[in-house]
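Student: I have a model open and would like to practise reasoning from values to labels. Could you take me through it, term by term?

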Amino acid sequence: IIVCPLYILSVAKNRLKALFVLAMGFFLLAAASLSLPQTNARLQTSFDMKFQSNAERLLVWNAALSMFYDQPMLGIGHDNFKRVYDAKYASPNSVEDIKHTHNSYLHFLVETGIVGLAVYLYLMGNILLWLYKRRKRHIYIATAFWATVALAIFSATDYTWVGFSGMRIQ
């Protein structure tokens, strides 16, 4: 929703025309989406912190920060989140089977500490920079750049490294 229009604007010859077409498309898509009952139901709960899914996410983020505070430099170890969370940090208010943090950056911080998160951010930053500098050479490079931007944004609200989300790295 965010990255595709940015991509289109970045390659459009007539940006004003592209912006107009994107705006019209956005309004038509929004109107069509809002007419669906399931979309309305989810939108009404998106910022309701008493809604179970949102409450669970806040609980797991709080637990993940506690895990990080206990092991800040090297973290709890790769692929140990669920085991450690269930053993020591799970909230009594949690009803879902939590497997990950729903945030790739927080997950890296918890499992690999500051060192691992720094390495991950360094690598992702270098990939983005490399793609950004070469994005005008070929449409595939531009597409890879914007896909990586989308991944970076999506990673803030979900864990994207294993088979849990709609956008996977592995």
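**From values to labels**

Tutor: Gladly! Along the sequence, the chain follows the pattern α-α-α-α-α-α-α. There are seven helices and zero strands in the chain. Keep in mind that this is a predicted model.

Student: How do you know how confident the predictor is in the chain?

Tutor: By pLDDT, which runs from 0 to 100. The chain averages 81, and 85% of the residues score at least 70. Confidence is highest in α6, at 93, and lowest in helix α3 (residues 37-45), at a mean of 69.

Student: Where does pLDDT stay under 50?

Tutor: Over residues 164-168, for which the model has 16 contacts beyond four places in sequence. Where pLDDT is low, the predicted coordinates should not be read in detail.

Student: Let's turn to rings. What makes Tyr132 and Phe145 a tilted aromatic pair?

Tutor: Two values settle the matter. A pair needs ring centres within 6.5 Å, and planes under 30 degrees apart would be stacked, over 60 edge-to-face, and the rest tilted. For Tyr132 and Phe145 the centres are 5.5 Å apart and the planes make 55°. The distance passes the cut-off and the angle falls between the two limits, so the pair is tilted. By this rule the count comes to seven aromatic pairs.

Student: Which parts does the pair of Tyr132 and Phe145 tie together?

Tutor: Tyr132 belongs to helix α6 (residues 104-134) and Phe145 to helix α7 (residues 139-154), so the pair links parts that are 13 residues apart in sequence.

Student: Why is the pair of Phe145 and Trp146 called edge-to-face?

Tutor: Because the planes of Phe145 and Trp146 stand at 75°, and an angle over 60 degrees earns that label. Their ring centres are 4.9 Å apart, within the 6.5 Å limit for a pair.

Student: Are Tyr132, Phe145 and Trp146 buried or exposed?

Tutor: Buried means under 20% relative accessible area, exposed means over 50%, and partly exposed lies in between. Phe145 has 9%, so Phe145 is buried. Trp146 has 14%, so Trp146 is buried too. Tyr132 has 40%, so Tyr132 counts as partly exposed.

Student: What lies over the face of Tyr132?

Tutor: Arg135 does, at 3.9 Å from the ring centre. The distance cut-off for a charge over a ring is 6 Å. Elsewhere, Tyr105, Phe108 and Tyr120 form one aromatic cluster.

Student: On to the backbone. What is notable about phi of Asp79 and of His102?

Tutor: Asp79 has a positive phi of about 65° although it is not a glycine. Phi of His102 is near 60°, again positive in a residue other than glycine. Asp79 lies in the loop between α4 (52-70) and α5 (81-89), while His102 is in the loop between α5 and α6.

Student: Why is Asp79 called exposed and His102 buried?

Tutor: Asp79 has 63% relative accessibility, so Asp79 is exposed. His102 has 18%, under the 20% cut-off, so His102 is buried.

Student: How do you know that Asn103 is buried?

Tutor: Its relative accessible area is 13%, and under 20% means buried. Asn103 is in the loop between α5 and α6. A polar atom of the Asn103 side chain lies 3.0 Å from the backbone nitrogen of Leu106, within the 3.5 Å cut-off for a polar contact. Leaving aside neighbours within four places in sequence, Asn103 is in contact with Trp61, Ser155, Ala156, Asp158 and Tyr159.

Student: What makes a set of residues a nonpolar core, and which members of the largest one touch the most others?

Tutor: The members are buried nonpolar or aromatic residues joined through side-chain atoms within 4.5 Å. Of the 19 residues in the largest core, Met67, Ile76, Phe81, Tyr85, Tyr89 and Val110 touch the most other members. The elements giving two or more residues to this core are α4, α5 and α6. Its largest share, seven residues, comes from α6.

Student: Where does Phe145 fit in?

Tutor: In a second, separate core of eight residues, which includes Val3, Leu131, Phe145 and Val149. Phe145, at 9% relative accessibility, meets the burial requirement.

Notes:
Residues are numbered from 1 along each chain as its sequence is written. This is a predicted model: local features need pLDDT of at least 70, side-chain atom pairs count only at pLDDT 80 or more; totals for chains, interfaces and linings use all residues. Side-chain values use heavy atoms; hydrogens and water are left out. Rings of Phe, Tyr and Trp (its six-membered ring) pair if their centres lie within 6.5 Å; planes under 30 degrees apart count as stacked, over 60 as edge-to-face and the rest as tilted. Helices (H or I, at least four residues) and strands (E, at least two) are DSSP runs, numbered from the N terminus. Buried means under 20% relative accessible area, exposed over 50%, partly exposed in between (1.4 Å probe, protein chains only). A charge sits over a ring if NZ of Lys or CZ of Arg is within 6 Å of the ring centre and within 35 degrees of the ring normal. Contact means heavy atoms within 4.5 Å. A polar contact is a pair of N or O atoms within 3.5 Å; within protein, one must be able to donate a hydrogen and the other to accept it, and residues adjacent in sequence count only if both atoms are side-chain atoms.
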